[in-house]
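Biologist: Before I rely on any label attached to a structure, I would like to hear how each one is justified. Could you take me through the reasoning, value by value?

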Amino acid sequence: MRVTDLLVVGAGPAGLGAAIEAARLGAKVLLVDENLKAGGQLYKQIHKFFGSGAHYAGTRGFQIADILLGQAEELGVETWLDTRALGLLDDGTVAVLRKGKVEPVKAGKIILATGAKENALAFPGWTLPGVMTAGAAQTFSNVHGTLAGKRILMVGSGNVGLIVSYQLMQAGAEICALVEAAPQITGYLVHAGKIQRAGVPVYTGHTVVEARGTGEVEEAVIAQVDERFQPIPGTERALAVDTILLAVGLNPRTELAAMFRCQTTYEGALGGILPVHDGWMRSTNPDIYVCGDLAGVEEANTALEEGRLAGVHAACALGYHGEQAQEKMNALRESLRSLRGGAHALRRLSGKERVIEKGESAYV
Amino acid sequence: MDGTEIYICRCEEVTRADVLQAIAQGCHTVASIKRATRAGMGACQGRMCGRLIQQILMSQGIQSPETIEGDKPRFPIVPCETGALGGGGDGE
């Protein structure tokens with residue numbers, strides 16, 4: 001049995017932010033992550049981030065991960081990688097699987113930063129080899145140095161679809177087309193511009209309707225959709241591709257939060273079902289905090305700030321009051337408000353406000 | 001497979017038609033569809049099909065964003081060797 005003040009599950013930007021801030025206030029922190037390297041999705045990002053200097057603008061994602069992990073280690077955070085949280089045991093401890101054995105962890109507070117998983121899209125032939133999620137293809141290329149395919153259809157024009165398309169082109173693949181069911185590109189135009197300037201055809205108002213091939217993908221059929229996103233018969237067109245990548249959103253990984261009986265809600269703009277939380281990232285279980293994509297799918301910078309906020313609040317709740325803790329929390333909440341201030345974040349912002357309202361009502 | 005069948009749970013090879021049939025028989029939650037069809041009982045424990053089934057329930061008008069619920073997670077939430085849970089016989 002391992003006893004610690006704070007257990008943080010997930011070492012992506014949210015978990016790292018939480019661990020850093022709690023340790024800075026003096027809490028004893030154990031940070032666990034299922035991957036071999038810390039950083040979550042940051043570790044796969046080879047492009048430079050933009051935004052403000054406070055959020056590492058101009059730095060590549062994997063370098064941000066290294067910076068944050070370095071800070072966490074300097075502050076004495078104990079990090080267990082290749083370690084999976086399996087769930088709750090009867091005595092209230094968390095079972096984590098490490099080096100082939102289960103170790104129970106007893107913690108005063110727990111911060112869940114378990115992230116999100118990619119959505120599937122079901123159509124005839126989608127189980128053929130050659131159909132995979134865009135994030136999986138990014139892991140293949142940017143972590144393992146393997147190209148998922150040579151001729152690719154990308155489905156979805158959010159930032160994941162746009163960025164992964166560009167990176168796979170840099171790695172030598174051809175993006176034969178990108179289809180987007182919405183009437184316009186949904187990701188940032190700065191990312192869209194990179195692939196459009198390179199000549200990638202972007203078909204808005206289109207989706208993939210079938211994958212064909214013997215034993216593997218040889219052809220993708222795309223079609224125009226109506227205003228209810230239903231394919232319009234007669235508009236089908238076949239593309240010779242060997243790979244179909246799905247970049248159709250992500251949904252929060254809520255399993256652990258649900259085991260802790262955290263109340264959940266549904267917010268489409270934030271990825272679907274997620275645990276509600278108050279303005280300090282506390283779930284309806286006062287010992288459990290949620291942050292990052294688990295608390296609503298957004299971006300790395302919002303995840304980092306939510307994690308920091310949860311870390312400060314949890315440390316205070318454990319009795320580690322720093323002099324400026326309250327000021328810091330207020331500043332983090334202000335930072336989150338400004339990160340969600342743009343027109344592109346309107347739906348996310350109103351979703352977050354509803355989530356927090358439900359979370360606050362648990363503490364009235 | 002005749003080329004038009006759509007798999008929803010690839011681990012347990014449950015199709016969209018199987019899910020719709022379960023709904024017609026009165027399964028109106030992700031959990032009850034799982035018990036009727038095995039969708040979500042495979043190696044990945046519903047990581048892919050869980051949300052697809054939520055979408056089917058909502059598109060059929062059975063559930064709405066206000067009422068939809070995910071499946072209840074079970075211990076362990078990710079696959080692990082049985083031996084890892086047994087203490088390995090080293091006296092611990």
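Modeller: What follows is a set of questions about this predicted model, each answered by setting a value against its criterion.

Biologist: What makes the radius of gyration of chain A agree with that of a compact globule?

Modeller: For 364 residues, a compact globule would have a radius of gyration near 21 Å, and because chain A has 21 Å, the two agree. Taken along the principal axes, the C-alpha atoms of chain A fill a box of roughly 65 × 45 × 40 Å, and the chain holds 9 helices and 19 strands.

Biologist: How much of chain A is buried, and what share of its contacts joins residues 24 or more positions apart?

Modeller: Buried residues, meaning those under 20% relative accessible area, make up 53% of the 364 residues in chain A. Among contacts with a separation of 6 or more, 62% come from residues 24 or more positions apart. The accessible surface of chain A comes to about 15100 Å², with 50% of that area belonging to carbon and sulfur atoms.

Biologist: Why is A:Gln167 called buried?

Modeller: The limit for that word is under 20% relative accessible area, and A:Gln167 has 4%, so the residue is classed as buried. A:Gln167 lies in helix H4 (residues 159-170) of chain A, and, leaving aside residues up to four places away in sequence, A:Gln167 touches A:Gln45, A:Ile46, A:His47, A:Gln138 and A:Asn142.

Biologist: Why, then, is A:Lys99 called exposed?

Modeller: Exposed requires over 50%, and with a relative accessible area of 72% A:Lys99 is therefore exposed. A:Lys99 sits in the loop between strand S5 (94-98) and S6 of chain A, and its phi is near 50°, a positive value in a residue other than glycine.

Biologist: Where else in chain A is there a residue other than glycine with a positive phi?

Modeller: A:Asp82 is one of them, with phi near 50°, and its place is in the loop between strand S3 (78-80) and strand S4 (83-88) of chain A. Such values deserve a remark because most residues other than glycine have a negative phi.

Biologist: How do you know that helix H1 of chain A has close to its expected span, and what makes you call this helix mostly covered?

Modeller: Helix H1 (residues 13-24) has 12 residues and reaches 16 Å from its first C-alpha to its last, close to the 16 Å expected at 1.5 Å a residue. As for cover, 11 of the 12 residues of H1(A) are buried, including A:Leu16, A:Ile20 and A:Glu21. The buried residues of H1(A) pack against several elements of chain A, among them strand S1 (2-9), helix H2 (61-74) and helix H7 (300-317). After H1(A) comes A:Gly26, whose phi is positive, near 105°.

Biologist: Turning to chain B, what makes the peptide bond between B:Phe75 and B:Pro76 a cis bond?

Modeller: The bond joining B:Phe75 and B:Pro76 has an omega of about -10° and is cis, and B:Pro76 is found in the loop between helix H3 (49-59) and helix H4 (82-85) of chain B. In general, most peptide bonds are trans.

Biologist: In which order do the elements of chain B run, and how much of the chain is buried?

Modeller: From the N terminus on, the order in chain B is β-β-α-α-α-α, made up of 4 helices and 2 strands. Under that 20% limit, buried residues account for 37% of the 92 residues in chain B.

Technical notes: Residues are numbered from 1 along each chain as its sequence is written. Chains are lettered from A and ligands numbered from 1 in the order in which they are written. This is a predicted model: local features need pLDDT of at least 70, side-chain atom pairs count only at pLDDT 80 or more; totals for chains, interfaces and linings use all residues. Side-chain values use heavy atoms; hydrogens and water are left out. The radius of gyration is taken over C-alpha atoms; the globule rule is 2.2 Å times the number of residues to the power 0.38. Buried means under 20% relative accessible area, exposed over 50%, partly exposed in between (1.4 Å probe, protein chains only). Contact means heavy atoms within 4.5 Å. Accessible areas come from the Shrake-Rupley method with a 1.4 Å probe; for residues, only the protein chains shown count as cover. The expected span of a helix is 1.5 Å times one less than its number of residues.
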